[in-house]
Amino acid sequence: MIDEEKNYLGKGIKINSSFTLRNDGLDLIVERTDPNFKNSEKSLITSIQNSTKNLLSKFGYKNQKTGFTVGTFYEHFEDIYFSPKFSVFHEELETSSTASTIQKKQEGDYFESDVSYSFTLNKLNQNFQPSNGYKASFYQTIPLVSDDNAFTNSIQFANYYSITDEMIFSLNFYTKAINSLTGEDIRISKRAYLSSKRLRGFESGKVGPKDGTDFIGGNYATSLNLSTTLPELLRDLQNLDFKLFYDVGNVWGVDYNSSLDNSKIRSSTGISIDWYTPIGPLSFSIAQPITKADSDVTEKFRFDIGTTF
């Protein structure tokens, strides 16, 4: 559920509040955006959030995070956007009774603060349903007060090309690395995973290293998604994008036990439908895995509500 006020107190301030109930928990976020803070042509963004995830049966942990973020967003150079922010969070982490000794040692309360920033070069012809151009983003998180001193880098790149007026080819690349600056083990709730949107044909988060029966994510993750729209198949339905896709991805790296590593290129192909509705995009996909590891959990059909690539 999303509630949005675009002109709070008649000052152009945006207030967004969202409440998301999932099978594994819930997210509550309240965000305030002043798009021209003190006539600086820079946005001031503040938010508070509470997130609960019960992943004991899937990944061997349950956590609750509460905190706030303060940041800004502005165009630094032409088409280059800069977004720094400061965050403070408290996390309660619980592990399952079947978790490994190493995982059980991570159980407890954590207080963390960090600074992060992103640079984005946006050359898309339009942000919603682009048909030409590209967008490249670099993200980095630097720990200030942290138990594991996790240092995160990630890159996202998207490119769109119109083959014809009705056929659009897209390429999406994502990579993430998370390591400790002081050689500590990265907490299981912070490790890198791949969602089903980035690697269709596999259950979300259920590829890569396992510790016992739990998928533990990795220190590294990457994915590549290629797709092309086929609108001639659904010419009379303008709110639908029918696509043929090919996904490739991998999750690897276990800092606390390299013998658990399970590096292997996963891939799949299939068809997807993006349906743009008043409540947001609905995505359906039917996928066939091509390459996989024996421990991966696959799924042929997927339905999602929310942002598409």
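Is Ser137 buried or exposed? Keep that question in mind as you open the structure, which is a predicted model, and begin the tour by selecting this residue.

**First stop: Ser137**

Select Ser137, which you will find in strand 8, and show its side chain together with the surrounding atoms. Ser137 has a relative accessible area of 7%, and because a residue counts as buried when that value is under 20%, Ser137 is buried. Now add Thr120 to the selection, and look at the two side chains, which are joined by a polar contact of 2.9 Å. If you set aside the neighbours of Ser137 within four places in sequence, the residues in contact with Ser137 are Phe119, Thr120, Ser154, Ile155 and Gln156. Before you leave this stop, select Ile80 as well: Ser137 and Ile80 lie 57 residues apart in sequence, while in space their C-alpha atoms are 9.5 Å apart.

**Second stop: Ser118**

Move next to Ser118, whose place is in strand 7. With a relative accessible area of 9%, Ser118 is buried. Which residues does Ser118 touch, not counting those up to four places away in sequence? Select Tyr81, Phe82, Ser83, Phe138 and Tyr139, and you will have the residues that answer this.

**Third stop: a nonpolar patch on the surface**

Switch to a surface view and select Phe19, Leu21, Leu28, Val30, Ile48, Phe68, Val70, Phe86, Phe111, Val115, Leu144 and Val145, which make a nonpolar surface patch of about 1,000 Å². If you colour the strands, you can trace where the patch comes from, since at least two of its residues are supplied by each of strand 2 (13-22), strand 3 (25-34), strand 5 (61-77), strand 7 (108-122) and strand 8 (133-145). Pick out Phe68 from this group, a residue found in strand 5, and notice that Phe68 is partly exposed, with a relative accessible area of 36%. As you look along these strands, it helps to remember that in a regular strand the side chains alternate between the two faces of the sheet.

**Fourth stop: the loop between strand 3 and strand 4**

Follow the chain to the loop between strand 3 and strand 4 (43-55), and select Asn39, which is found there. Asn39 is exposed, with a relative accessible area of 69%, and its phi is near 60 degrees, a positive value in a residue other than glycine. Glu41 is found in the loop between strand 3 and strand 4 too, so add Glu41 to the selection, where you will see a residue that counts as exposed at 70% relative accessibility. What is the phi of Glu41, which is not a glycine? The value is positive, at about 60 degrees.

**Last stop: strand 14 and its two partners**

Finally, select strand 14 (residues 240-252), which is mostly covered, with 10 of its 13 residues buried. Add strand 13 (residues 220-229), and follow the antiparallel pairing of strand 13 and strand 14 over 10 bridges; within this pairing, Asn225 stands opposite Asp247 in strand 14. Then add strand 15 (residues 266-277), which runs antiparallel to strand 14 and is joined to strand 14 by 10 bridges. To end the tour, select Leu240 and look for its bridge partner in strand 15, which is Trp275.

Note on methods
Residues numbered from 1 in each chain as written. Predicted model: local features only at pLDDT ≥ 70, side-chain atom pairs only at ≥ 80, totals over all residues. Heavy atoms only, no water. Patch = residues over 30% accessible without salt bridge, like charges linked within 9 Å, V, L, I, M, F, W, Y side chains within 5 Å. Areas by Shrake-Rupley, 256 points an atom, 1.4 Å probe, with all protein chains shown as cover. Salt bridge = Lys/Arg side-chain N within 4 Å of Asp/Glu carboxyl O. Helix = DSSP H or I, 4+ residues; strand = E, 2+ residues; numbered from the N terminus. Buried < 20%, exposed > 50% of the residue type's maximum accessible area, 1.4 Å probe, protein only. Polar contact = N/O pair within 3.5 Å; in protein donor to acceptor, adjacent residues only side chain to side chain. Contact = heavy atoms within 4.5 Å. Pairing = 2+ DSSP bridges.
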